[in-house]
Each structure stands twice: as structure tokens, then as C-alpha cells.
Amino acid sequence: MAKMRAVQVKAAKSDWQLVEIDIPEPKPRTVRIKVQACGVCHSDMFTKEGLFPGTQFPRTPGHEVVGIVDKLGEGVQGFKVGDKVGVGWHGGNCGYCDNCRRGYFFACQNESAITGITYDGGYADYMVAPASAVAHLPEGLSPEEAAPLMCAGVTTFNALRNCGARAGELVAVLGLGGLGHLAVQYAAKMGFKTVSIARGKDKGELAKKLGAWKFIDSRSEDPAAELAKLGGAKVIISTVTAEDAVAATLGGLGTAGTLFILGVPQSLTVNPGMLVSGSQSIKGWYSGTSIDSQDTLDFSLLSGVRSMNETYPLEKAAEAYDHMMSGKARFRVVLTTGN
Ligand SMILES: NC(=O)c1ccc[n+]([C@@H]2O[C@H](COP(=O)([O-])OP(=O)(O)OC[C@H]3O[C@@H](n4cnc5c(N)ncnc54)[C@H](OP(=O)(O)O)[C@@H]3O)[C@@H](O)[C@H]2O)c1
Ligand SMILES: [Zn+2]
């Protein structure tokens, strides 16, 4: 049987291992993808640390996958061998359960699949994904450009296009990492008064280049007070995991403002009185489906939003992951296979 390279964790909290395994065969309603590029997301930590109950090991992570359809399983419609495609975090849905019929595809009761967690992802030469999880790629984006848009891109684009703010209203983006640097660009292109909040003055110039109207350095300034001076945020998009950073920004919400939680802190203490008196809300945001990914790719191509990437070959996945986790990546780390 033909072999391929894959990067796996053999058990929760164990080291990455580069292994040679059989190329997987597509089952009915799935497609096999020859992987060209795969982004390294902070959420790959869920696979490595085994944080999702029931994760089976060994497991190959990777949910920012771009490649070429290489083989079709039985009954697949809408894709053919040779199509350029991508797969994100949302790993597919049945299309007929109550949640799917309500449009809550992410909460599908039958598949509940997460790429790189409930099945093997894109840190490999090939992967197999349910056809419902696969997005078509437009012409004009390279695999390295498109890969980060499959999670960091779709999550921020989709949150922003559904956030309820109107053009000209103040939208703040907390954090300037993989998700944050894309959120700033999307928010600016959507016509929001975009405020970037990150640690360190050195990030200000870049935030402005990405389209931010104002930059707040959370090390030397109080983000809540600074946002309040600007009239308060209609929306805060939070991409950080540090609870204190979220708490320090929350008070900058304006009347009827909403904090969107994209990065997941372990916990968050809020003042309910503040929420009630300001008619404010806090909302979790889940990335998006394959059609949301297609919309993200199209919008990015149209508007010139691009991920800034550092690329590593697949064999250096461990190094690439550590670099992303260190917070030093500027801004997305992408693995390339050479396929
Ligand atoms: N909701 C979803 O569907 C979804 C999808 C994808 C990812 N996520 C989650 O989103 C989060 C971000 O992912 P990512 O890939 O963008 O990670 P990342 O590239 O590591 O970026 C996180 C950024 O947060 C910043 N940060 C950390 N602590 C901070 C603080 N105290 N104040 C201000 N900024 C701070 C870091 O900035 P510095 O440069 O200052 O260190 C870093 O750049 C992760 O929790 C991930 O699991 C959620
Ligand atoms: Zn992700």
C-alpha cells in the first residue's frame, strides 16, 4: 500500500511524531485531499493536550487545510478529482438532523465532527474529509495564502459579518495574533471604525497598516478607559485566552455593545449590573461551515485581506507549533508539504 508522511500525537500531552503510514481510503460521502498547505492554529493545542473528551489517539491535527481532491468516496456530489479545496475546523454535518435543518450545522447531532480532533487533519500528505466539510477555493489565492483563512479567517470574518455593528460604528479587536491580525483587516474592509488592542507599542504601526483607525497598547494604557473615551465599542472581538486581558477590556463596551468571545479563556468574571445597565451582552462565536469558508475566501480575494505567514516544511511541525504557541509568530504559521 502507498505510504505518506503524517505528524501525530500518540497520546494526550505527548510529543509530536513524524511517521510513515498508509494513505487513507475515502469512505462514502468523503473526499481524499492531497494536502499542499496547512495552517497551525492555537486550537491545535486541543488535539495535543487531549482536551476534547473522547479524542482517539494517535491523532493528526490540522484544520486549516488546502489541497487538491485526489479521490472521491461513493456518493460524493459537487466535487471532482483535481478540484482545489480547503477544510476548516467544522468537520462536516449530516444535513438532515434537527440542528442541521435549523441551520445550526456546527451542532449537527449525527456527525459532530471536528477536523483534526474527531478525525485526522492536515498535518500530513493526504487527509480524508466529509464532503460537507469541504470548501471550493477561488482562483487567485495560493495554498499558503488560503490555508489560514480556513480557520483564523473564517472565524473572524464570520463573527464580524454577523456581529450587528453597522459601517462607521466602533469595533475593537483584542489580540493581534493569527486571528487578530485578520480580524483587524476584515473589520476595516467592512467599514467599521476599527480599534486594535494588543500588548506593546511596537504593534501599533502594523495595526495601522492593517487598517486600524486607532491602536491601544494594553501594557501602558487602560483599554476599557480608552474605548470609553472613544464613545464605547459596539462590538469587541476577543481573540485572546488571557482572562485578565478580556476583563480589562470589557468595560469599554458601549451601550447595547456585545463582546464576542473567539479565544477561550478558562473562565471570566463579569459584573452583571454593568451588563444590565448598559444592555450589553457576551456571546461565544464558533468558526463557520464550509460555505462560510468559501465566502471568506471570496471576500479576502476581493478586498485584498491576506494572512501574514511564516512557512515551515511539514517535517518541522513540532518547531512550527512551538513557535506559534510562543506568541512570537508574525502572524500565522503555515506548514507546506511540497505536494
Ligand atoms: N471561536 C473559534 O471558532 C476559534 C477559532 C480559532 C481559534 N480560536 C481560539 O482563538 C484563540 C487565538 O488563536 P490564534 O491562533 O490567533 O492564537 P495566537 O496566534 O497565539 O494569538 C493569540 C494572541 O493573543 C495575544 N495575547 C495573549 N495574551 C494577551 C494579553 N494579555 N493581552 C493582549 N493580547 C494578548 C497574543 O499577543 P502577544 O503578541 O502580545 O503575545 C497573541 O498574539 C485561541 O484561544 C484559539 O483556540 C477560536
Ligand atoms: Zn483554528
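**Entry 1: His-42**

I looked up the contacts of His-42 in this predicted model. Leaving aside neighbours within four places in sequence, I found His-42 in contact with Gly-178 and Met-324. I then checked the separation of His-42 and Gly-178, which are 136 residues apart in sequence but 8.3 Å apart in space, C-alpha to C-alpha. I placed His-42 in the loop between strand E3 (30-40) and helix H1 (44-48). Is His-42 buried or exposed? I counted 21 other C-beta atoms within 10 Å of His-42, and the cut-off for a buried residue is 20 or more, so His-42 is buried.

**Entry 2: The shell around ligand 1**

Gly-178, the contact of His-42 noted above, appeared again when I turned to ligand 1. I noted 28 residues around ligand 1, of which Gly-177, Gly-178, Ala-245, Gly-263 and Gly-327 come nearest. By class, I recorded 14 nonpolar, 13 polar and 1 charged residues in this shell.

Which helices each supply at least two residues of the shell? I found that helix H4 (152-161) and helix H5 (178-189) do so. H5 gives the most, with 3 residues. I also asked where ligand 1 lies with respect to the domains. Both domain 1 (3-148 + 288-336) and domain 2 (154-284) contribute residues to the shell, so ligand 1 lies between them.

**Entry 3: The two domains**

I next consulted the domain assignment, which gives the chain a domain 1 made of 3-148 and 288-336, and a domain 2 made of 154-284. Taken over C-alpha atoms, the centres of the two domains are separated by 27 Å. I found 16 residues of domain 1 in contact with 11 residues of domain 2. On the side of domain 1 that touches domain 2, helix H10 (residues 290-303) provides the largest share, 5 residues. I sorted the residues of that side into 6 nonpolar, 8 polar and 2 charged.

**Entry 4: The largest nonpolar core**

How many residues does the largest nonpolar core have? I recorded 89 residues, and those with the most contacts inside the core are Ile-33, Ala-172 and Ile-237. The largest share of the core, 7 residues, comes from H5. I noted that domain 1 and domain 2 both give residues to the core, so the core lies between them.

I followed Ala-172 further. Not counting residues up to four places away in sequence, Ala-172 touches Val-195, Ile-197, Leu-227, Ala-233, Ile-236 and Gly-252.

**Entry 5: Helix H8 and Val-246**

In helix H8 (residues 243-250), I listed Ala-245, Val-246, Thr-249 and Leu-250 as the buried residues. Seen down the axis of H8, these buried residues fall within an arc of 135°, so they line one face of the helix. I recalled the general pattern here: an α-helix has 3.6 residues a turn, so residues three or four places apart point the same way. What do the buried residues of H8 pack against? I found strand E8 (170-174), strand E9 (193-198), helix H7 (223-229), strand E11 (233-238) and E12. Ala-245 had already appeared among the residues that come nearest to ligand 1.

I chose Val-246, which is in helix H8, for a separate check. Val-246 has 23 other C-beta atoms within 10 Å and is therefore buried. Leaving aside neighbours within four places in sequence, I found Val-246 in contact with Leu-174, Ser-238, Val-240, Pro-265 and Leu-268. Of these, I looked at Pro-265, which is 19 residues from Val-246 in sequence and 8.3 Å from Val-246 in space, C-alpha to C-alpha.

**Entry 6: Backbone exceptions**

Most residues other than glycine have a negative phi, and most peptide bonds are trans. I therefore noted the exceptions below because of this general pattern.

I found a cis peptide bond from Phe-57 to Pro-58, with omega near 0°. Pro-58 is placed in the loop between H1 and strand E4 (65-72). A cis peptide bond also joins Arg-330 and Phe-331, with omega about -5°. I located Phe-331 in the loop between helix H11 (317-325) and strand E15 (332-336).

Lys-13 is not a glycine, yet I read a positive phi of about 70° for it. Lys-13 lies in the loop between strand E1 (3-9) and strand E2 (16-22). Lys-13 counts as exposed because it has 9 C-beta neighbours inside 10 Å. Ala-256, also not a glycine, has a positive phi of about 60°. I placed Ala-256 in strand E12 (residues 253-261). With 12 other C-beta atoms within 10 Å, Ala-256 is exposed.

Definitions and conventions:
Residues are numbered from 1 along each chain as its sequence is written. Chains are lettered from A and ligands numbered from 1 in the order in which they are written. This is a predicted model: local features need pLDDT of at least 70, side-chain atom pairs count only at pLDDT 80 or more; totals for chains, interfaces and linings use all residues. A residue is near a molecule or strand if its C-beta atom, placed from the backbone, lies within 6 Å of it. Helices (H or I, at least four residues) and strands (E, at least two) are DSSP runs, numbered from the N terminus. Ala, Val, Leu, Ile, Met, Phe, Trp, Tyr, Cys and Pro count as nonpolar, Asp, Glu, Lys and Arg as charged, and the others, Gly among them, as polar. Domain bounds come from an automatic or database domain assignment. Two residues are in contact if their C-beta atoms, placed from the backbone, lie within 7 Å. The arc is that of the directions from the helix axis to the C-beta atoms. A nonpolar core is a set of buried Ala, Val, Leu, Ile, Met, Phe, Trp, Tyr and Cys residues joined through C-beta atoms within 7 Å.
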